[in-house]
Amino acid sequence: MAKVIIDPVTRIEGHLRIDTEVSNQRIVNAWSKGEMFRGFEALLKGRDPFDSPVITQRICGVCPVSHAVASCKAVENSLGIAIPENARLMRNLILGSNYIASHLTHFYQLSALDFIQAEAILKYRGSNRSLRNLRTWVEQEVASKKILPAAPFLPHLKGDYPKDQAWNFRALQHYLESLDIRKDAHTMAALFGGKMPHTASMLAGGVTTRLTPDLVENFRVRLLRIRQFIDETYLPDVLQAAKLFKNYADIGSGNAIYLAYGVFDEKDGPFLPGGLLQDGQQRPLEPKKIAEQTFHSYYREGSPRHPYQGETLPDAEKDNAYSWIKAPRYAGMPCEVGPLARLMIAYKSGVAPVRKRVATLLAQLGWQERHLNSVLGRHATRALETSIIAERMELWLDQLTLANPTVGEIPSTTSGQGAGLTEAPRGALGHWLTVEQNKIDNYQCIVPSTWNFSPAGQEGEPGPVEAALIGTPVATGSQGLEAARVVRSFDPCIACAIH
Ligand code: NFE
């Protein structure tokens, strides 16, 4: 049996190695390996709980806002703190801006090169050009329809890239344009968040940014521009990739057990609801069914633990371990989290804008629902969700009341236990916290990429990405491009996964 190993997996965040075994031109076994330990949970012990949104944001520079939201919610839940309406809306707007920046980066800067013939258009070897010069130069070359000489896009894995040069040029141009749009989304998060990538205004009890008309209008102008790019460029590019790579609507299918915690709080519950979707059946979320296993992870082994009882005790020499990522399970099951899971659950729950947009997407691509469970399905639902959330952000912006408070009362409670469940761009994110006399006694995070990139469980059942890799067809002499496409469709962040 041939082994194909990708180490490190590039164009992702963090340190990931993927091992595969190939037989008869199919992947028959796969191992997802988180290659680093960090230890945020250990360093939180003994700290003031109000410091935790500041500290946990540093888990990641890509999704810091979701860590801030989860952490604020965990502290608020443990100490009985209520937040005002304005704070709820501002958190939605900061988080929504972070989703836009994250999803655009994932498609254009991290994944699109899996679907673009970079060699043909980029043979340029000049190393001293700044990105801005490169952009001007690329635009001129695109306009004059010359074959481009260049890099930072090479080398990459060899494979079946499209010969359609119009697509290759256009996608590259959008790669560059998206950098400015992403910057705008980052700025929007900073307007309400104080700064980015790690916000300064989010704390347990609310958001400290002062609401002013110019702040709101500054945000609105950028949002309108971004919405145009999402709907007229990003979404059409993903649809075009789906048309060029039809086979990837059947490749990378996961175990179809979808989990979401719910996100973007509105008055009557989250805009995108939580739940478990298994065998097409939707069930309400029961957080007590969540437990982390460490059978194949480099942590001292014990029985599966709910995060309130969770511990993080590294053991680098452990037999049978192959990853620094723990293995979260829901009622013992590995679950896929992320935009696909969120939209499937919202779709089955009858969330009107989601139902309508998913139905349109399926019709545009001539897909059945089952095609969503694929490499292209993950890209398509991520792009669609970006559009749906950006549209909803206008409503949240209109609901702000400038004269009302943005921070609530902080009670004098000093002990308690609570959870902060939300959704990061990459999926279900939970922080669990126990406070004793104003000090953190235990803090555990279960992060989206921990779910998706988890190693095998107690019975040897593969983690979600491992399961999605098994069965993937590979070309003779493959360097691993097919596996990389499956892996990147989950948008890995291993810095988060091993926190
Ligand atoms: Ni580091 Fe994150 C998101 C969180 S990780 S990017 O989105 O939480 O899976």
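The iron atom of the ligand has a single protein donor, Cys-63, which binds through SG at 2.3 Å. Donors here are N, O and S atoms within 2.8 Å of the metal, or 3.2 Å for Na, K and Ca; water is not among the atoms, so sites may look incomplete. The model before you is predicted: local features need pLDDT of at least 70, side-chain atom pairs count only at pLDDT 80 or more, and totals for chains, interfaces and linings use all residues. Residues are numbered from 1 along each chain as its sequence is written, and side-chain values use heavy atoms, with hydrogens and water left out.

Around the iron atom of the ligand, the 4 donor atoms give angles of 80 to 151°, and the site is irregular. On the terms used here, four donors count as tetrahedral if all angles lie between 85 and 135 degrees; four count as square planar and six as octahedral if opposite donors are over 155 degrees apart and all others between 65 and 115; anything else is irregular. Cys-63 itself sits in the loop between α2 and α3. Helices (H or I, at least four residues) and strands (E, at least two) are DSSP runs, numbered from the N terminus.

I turn to the second metal. The iron atom of the ligand and the nickel atom of the ligand are 3.2 Å apart. Which residues coordinate the nickel atom of the ligand? They are Cys-60, Cys-493 and Cys-496, each through SG, at 2.2 to 2.4 Å. The arrangement is tetrahedral, because the 4 donor atoms around the nickel atom of the ligand subtend angles of 107 to 112°. Along the chain, the donors of this nickel atom follow the spacing C-x432-C-x2-C. Cys-60 belongs to the loop between α2 (52-56) and α3 (64-79), and Cys-493 to the loop between α14 and α15 (494-498), so this pair ties together parts that are 433 residues apart in sequence.

Are Cys-60 and Cys-493 buried or exposed? Both are buried, where buried means under 20% relative accessible area, exposed over 50%, and partly exposed in between (1.4 Å probe, protein chains only). Cys-496 also counts as buried, because its relative accessibility is 2%.

As for disulfides (pairs of cysteine sulfur atoms within 2.5 Å), a search of the whole structure finds 0. Cys-72, for instance, is in no disulfide, and the nearest cysteine sulfur, that of Cys-445, is 13 Å away. With a relative accessibility of 0%, Cys-72 counts as buried.

Next, helix α14. How many of the residues of α14 are buried? The count is 9 of 9, and the helix is mostly covered. Its cover includes β1, β2, β3, α4 (85-111), α11 (375-399) and α13 (464-469), contact meaning heavy atoms within 4.5 Å. Just after α14, Asp-491 takes a positive phi of about 60°.

The three strands just named form an open sheet in the order β1-β2-β3, with antiparallel pairing; two strands pair if DSSP finds at least two bridges between them. β1 (2-6) and β3 (26-34) are the edge strands, each with a single partner, so one side of each is left without a neighbour in the sheet. From one strand to the next, the twist averages 20°; axes are lines fitted to C-alpha atoms, for helices over the stretch in contact, and angles run from 0 to 180 degrees between N-to-C directions. Helix α14 (residues 481-489) packs on this sheet, touching β1, β2 and β3, and its direction makes about 135° with that of β2. β1 and β2 (residues 16-23) are paired over 5 bridges, and Ile-5 stands opposite Asp-19 in β2.

Two loops of this sheet deserve a remark. Pro-8, in the loop between β1 and β2, is joined to Asp-7 by a cis peptide bond, with omega about 0°. Asn-24, in the loop between β2 and β3, has a positive phi near 50°. With 74% relative accessibility, Asn-24 counts as exposed.

Finally, I come to strand β7. Of the 10 residues of β7 (residues 269-278), 7 are buried, so this strand is largely enclosed by the rest of the structure. It runs antiparallel to β6 (residues 257-266), to which 8 bridges join it, and a hairpin through 2 residues links β6 to β7. On the other connection, 3 bridges join β7 to the antiparallel strand β8 (residues 281-283). β7 and β8 also form a hairpin, with 2 residues between them, and Asp-279 in that turn has a positive phi of about 50°.
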